[in-house]
Amino acid sequence: MATAMRAATAFFSPSVSSSPNPRQHQHPFFSARRGRTHPRRRLRAIPATELTLEELNPSVDLLRKTAEAVGDFRKTPIYIVGTDCNAKRNIAKLLANSIIYRYLCSEDLLEDVLGGKEALATFRETDEKGYLEVETEGLKQLTSMGSLVLCCGDGAVMNSTNLGLLRHGVSIWIDVPLELAVNDMLKSMGANAISDPDSFSKAMGKLRQRYDNLKERYANSDVTVSVQNVASQLGYGSIDSLSLEDMVIEIVRQIEKLVKAKAMMEAAGKPE
């Protein structure tokens with residue numbers, strides 16, 4: 001419990017939530033380094049590494065499409081859930097850039113507080129109650145931020161309290177092939193893990209069990225966007241042909257449908 005309270009206090013202290021922090025990935029449109037340019041490239045959905053916000057520059061066409069779609073949606077927070085991997089984070093970042101939102105990742109913030117990925121994993125495995133309490137405190141604080149894309153850890157869906165807090169915004173499940181997450185995990189462990197078939201099998205088994213335990217909770221999200229389904233809908237033979245912009249366009253399209261459906265329900269409920 002003491003660990004949980006220490007993490008929660010540091011996680012959401014004014015120095016973390018309001019001061020510049022490299023792990024918060026300051027929005028490129030408001031960065032002091034705005035003058036720097038990055039070469040345009042096709043923004044693949046399966047990059048080898050996690051990219052920075054500055055590398056994820058939306059095209060003019062994407063900015064136009066998102067502006068048209070989410071004009072009435074401004075200041076509503078967006079919560080991204082699902083298996084953690086580079087693809088999920090990169091899609092969330094490009095979405096934030098495209099709709100001019102701030103981007104934060106709760107797992108990154110907790111890693112900063114606790115001292116890295118291994119420390120966070122240990123905290124999550126040895127003190128699940130404390131981990132969920134920290135996630136609850138984080139969601140309570142961040143729901144007031146408005147124009148935010150928050151890439152959430154699994155704690156956001158692991159109890160009814162946190163699922164309820166996601167209702168303050170729009171929750172989106174980005175469903176990625178587990179192989180992507182496993183490959184990311186093994187890369188972080190070094191070359192020996194990548195080349196060892198047993199390491200892949202063990203990591204896949206562990207991740208598959210976690211996914212099976214949480215998929216019904218992920219499915220409580222307002223919107224579900226599957227990497228494989230989007231590739232199929234666009235007629236691609238594999239997800240390797242999919243781009244990050246393809247994913248963001250589908251997410252925005254689903255948000256637009258959700259906003260319209262809510263507006264129709266509200267209109268139907270008003271007395272004439």
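Me: In this predicted model, is I100 buried, partly exposed or exposed?
Reply: Happy to start there. I100 sits in the loop between α4 and β2 (102-105). Its relative accessible area is 39%, and the partly exposed class runs between 20% and 50%. I100 is therefore classed as partly exposed.

Me: What phi does I100 take, and why is that worth a look?
Reply: Most residues other than glycine have a negative phi. I100 is not a glycine, yet its phi is positive. It comes just after α4, and the value there is about 55 degrees.

Me: How many residues of α4 are buried?
Reply: Helix α4 covers residues 86-98 and has 13 residues. From its first C-alpha to its last it reaches 18 Å, close to the 18 Å expected at 1.5 Å a residue. The helix is largely enclosed by the rest of the structure, because the number of its residues that are buried is 13 of the 13.

Me: Good, and which residues of α5 are buried?
Reply: Helix α5 spans 106-114 and is mostly covered, with eight of its nine residues buried. Just after the helix, G115 takes a positive phi of about 105 degrees. The buried residues of α5 are S106, E107, D108, L109, L110, E111, V113 and L114.

Me: Let's turn to pockets: what volume does the largest pocket have?
Reply: The elements that give two or more residues to its lining are α4, α5, α6 (117-126), α7 (128-142), α9 (178-189) and α11. The largest pocket has a volume of about 1,400 Å³.

Me: Which residues lie closest to the centre of the largest pocket?
Reply: The lining of this pocket is made up of 42 residues. The largest share of them, 11 residues, comes from α11. Closest to the centre are D84, A121, R124, M185 and L207.

Me: R124 is on that list, so over the face of which residue does R124 lie?
Reply: A charge counts as over a ring if CZ of Arg is within 6 Å of the ring centre, with an angle condition as well. For R124 the distance from the ring centre is 5.6 Å. The ring belongs to Y131.

Me: How is the aromatic pair of W173 and Y211 classed: stacked, tilted or edge-to-face?
Reply: This is one of four aromatic pairs in the structure. It links distant parts of the chain, with W173 in strand β4 (residues 170-175) and Y211 in helix α11 (residues 197-218), 38 residues apart. The ring centres are 6.4 Å apart and the planes meet at 45 degrees. Planes under 30 degrees apart count as stacked and over 60 as edge-to-face, so this pair is tilted.

Me: Are W173 and Y211 buried or exposed?
Reply: The cut-off for buried is under 20% relative accessible area. W173 has 8%, and Y211 has 12%. W173 is therefore buried, and Y211 is likewise buried.

Me: Which residues form one aromatic cluster with W173?
Reply: W173 also forms a tilted pair with Y218, at 5.4 Å centre to centre and 35 degrees between the planes. That pair links W173 in strand β4 to Y218 in helix α11, 45 residues apart. Both W173 and Y218 are buried. The partners of W173 in the cluster are Y211 and Y218.

Me: How many disulfides does a search of the whole structure find?
Reply: A disulfide needs two cysteine sulfur atoms within 2.5 Å. For C85, the nearest cysteine sulfur is that of C151, 8.7 Å away. For C152, the nearest is again that of C151, at 7.1 Å. The number of disulfides found is zero.

Me: Are C85 and C152 buried or exposed?
Reply: C85 has a relative accessible area of 4%, while C152 comes in at 2%. Because the cut-off is under 20%, C85 counts as buried, and C152 also counts as buried.

Me: How far apart in space are L150 and Y103?
Reply: L150 is found in strand β3 (residues 148-151) and is buried, with a relative accessible area of 1%. In sequence, L150 and Y103 are 47 residues apart. In space, their C-alpha to C-alpha distance is 6.0 Å.

Methods: Residues numbered from 1 in each chain as written. Predicted model: local features only at pLDDT ≥ 70, side-chain atom pairs only at ≥ 80, totals over all residues. Heavy atoms only, no water. Buried < 20%, exposed > 50% of the residue type's maximum accessible area, 1.4 Å probe, protein only. Phe/Tyr/Trp six-rings, centres within 6.5 Å; stacked < 30°, edge-to-face > 60°. Helix = DSSP H or I, 4+ residues; strand = E, 2+ residues; numbered from the N terminus. Lys NZ or Arg CZ within 6 Å of the ring centre and 35° of its normal. Expected span 1.5 Å × (residues − 1). 1 Å grid on protein atoms, 1.4 Å probe; cavity = no way out; pocket = protein on both sides within 12 Å on 5 of 7 lines; lining within 4 Å. Points joined across faces, edges and corners; volume = space filled by probe spheres on them.
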